[in-house]
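Colleague: Please take me through this model in an orderly way, and explain each term when it is needed.

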Amino acid sequence: MIENLIKDKEARPHVLHALEDFNFMPPKEAIVTDDVVELLQKSAVIIDFTIAMGCETLLENALKHPTPLVIGTTGLNEHQQNLLKEAANNMPILYSTNMSLGVAVLNRLVELASKSLSDFDIEIVEQHHRFKKDAPSGTALTLGEHAARGRGLNLDDVRVSGRNGLIGERSKDEIAIMALRGGDIVGRHTVGFYNDGEFIEMNHTATSRDTFAKGAIKAAKWIINQPNGLYTISDCLGL
C-alpha cells in the first residue's frame, strides 16, 4: 500500500490527505518515498521539478546510481550546474528551464531576431505568481542567453536586472531582464526589440501548468533512449 511506502510516519497522513485533496491516488505499484536512492534504483527515468537543493541531492546520488533524468528545476547555482554537467557523463540528462514547445520555439526566434535586428535594444520582462522563489525566472535567463548569442555576446557581461536613480543612458549591448510577481500568473515572458520609430515584442503566456507536465513526459519518453550526455528540450523536439 502507498501508506507503507511513506517512511516518515508524521508526514504520511499529510501526504495522503494532499493526494486526496487533488482527487488523485497513485496506482498500487507506485512508489511514494523520501529515500532518493530507492527512487533511483526503482525508476526507469526521473522527472525533477523541485528546488535547487533538492536537485543537488538528486544529482549527487545519481552519480552513484545512474538513471536517466529530466530536470526542470530552476535557480541552480554554479556548483549545481557543474554537478549537472558531471552527472551527464554517466547518464542521459535533459535539462531545460521550460518544458513547453512554445518557449522552445521562442528561444530560436529570439536568437534570430537578435542577430537580424542588431541595432535594436533588447528588454525582457517575465511575470509569475507570488509564490515563485527565484528571480529572474530560468526561462527569462535562457531567453536572454539566446538573445546574447545572436549578437556574439556573453549574457553575464551585458545583463541588467534593475534600474534605479540617475544611472545614465542605456548602453548599446545591455540586455535587461526584469521580474514581476503577483497573483496566480502561471508564466508570461515578453522579449522586446526596440528601435527608433518601431519595435517588436514576442510573447509567450502559459495558461496552465499542464503545458510543462506534458512537455516533461514527452522528454522522459525520449531521454531513456539517448546515450549519456546533457540535452535540452530543443534536442527532444528536433529544433
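Modeller: Some terms come first. Contact means heavy atoms within 4.5 Å. Helices (H or I, at least four residues) and strands (E, at least two) are DSSP runs, numbered from the N terminus. Axes are lines fitted to C-alpha atoms, for helices over the stretch in contact, and angles run from 0 to 180 degrees between N-to-C directions. The model is predicted, with pLDDT of at least 70 needed for local features and 80 or more for side-chain atom pairs, while totals for chains, interfaces and linings use all residues. Residues are numbered from 1 along each chain as its sequence is written, and side-chain values use heavy atoms, leaving out hydrogens and water.

Colleague: How many helices and strands does the secondary structure of the protein chain come to?

Modeller: The count covers the whole protein chain, which has 239 residues. Its secondary structure comes to ten helices and nine strands.

Colleague: In what order do the four strands form an open sheet?

Modeller: Two strands pair if DSSP finds at least two bridges between them. In this open sheet the pairing is parallel. E1 (46-48) and E9 (229-231) each have a single partner strand, so one side of each is left without a neighbour in the sheet. The order of the four strands is E1-E2-E3-E9.

Colleague: Which residue in E9 does Leu94 stand opposite?

Modeller: Strand E3 (residues 92-95) runs parallel to E9, and three bridges join them. The residue in E9 opposite Leu94 is Tyr231.

Colleague: At about what angle to E3 does helix H5 run?

Modeller: Helix H5 comprises residues 78-87. It lies across strand E2 (69-71), E3 and E9. Its angle to E3 is about 145°.

Colleague: In what order do the five strands form an open sheet?

Modeller: The pairing in this sheet is mixed. E4 (residues 121-128) and E6 (residues 175-181) run parallel and are joined by seven bridges, whereas E4 and E7 pair in the antiparallel sense. Strands E5 (159-160) and E8 (198-206) stand at the edges, each with a single partner strand, so one side of each is left without a neighbour in the sheet. The order of the five strands is E5-E6-E4-E7-E8.

Colleague: Which residue in E7 is the bridge partner of Ile122?

Modeller: E4 and E7 are paired over seven bridges. In E7, the partner of Ile122 is Phe193.

Colleague: Which residue in the turn of the hairpin of E7 and E8 has a positive phi?

Modeller: E7 and E8 pair in the antiparallel sense over nine bridges. Two residues lie between the strands of this hairpin. The residue with a positive phi, about 90°, is Gly197.

Colleague: Why can Gly72, Thr73, Thr74, Ser96, Thr97, Asn98 and Met99 be said to gather at one spot?

Modeller: An unreviewed UniProt entry annotates these residues as "binding site"; positions are given in the numbering used here, feature names are shortened, and annotations may be inferred rather than shown by experiment. The residues span 28 residues in sequence. They gather at one spot because no two of their C-alpha atoms are further apart than 11.7 Å.

Colleague: Is Thr73 buried or exposed?

Modeller: Thr73 is found in the loop between E2 and H5. Leaving out residues up to four places away in sequence, it touches Asp48, Phe49, Thr50, Ile51, Ala52, Cys55 and Tyr95. Buried means under 20% relative accessible area, exposed over 50%, and partly exposed in between (1.4 Å probe, protein chains only). At 2% relative accessibility, Thr73 is therefore buried.

Colleague: What is the relative accessibility of His129?

Modeller: The same kind of annotation, "binding site" in the unreviewed UniProt entry, covers His129, Gly138 and Thr139. His129 has its place in the loop between E4 and helix H7 (138-149). It counts as buried, with a relative accessibility of 17%.

Colleague: How far apart in space are Glu126 and Leu141, C-alpha to C-alpha?

Modeller: Glu126 is found in strand E4 and counts as buried, at 0% relative accessibility. Beyond its neighbours within four places in sequence, its contacts include Ala135, Pro136, Met178 and Arg188. Glu126 and Leu141 are 15 residues apart in sequence. In space, the C-alpha atoms are apart by 9.7 Å.
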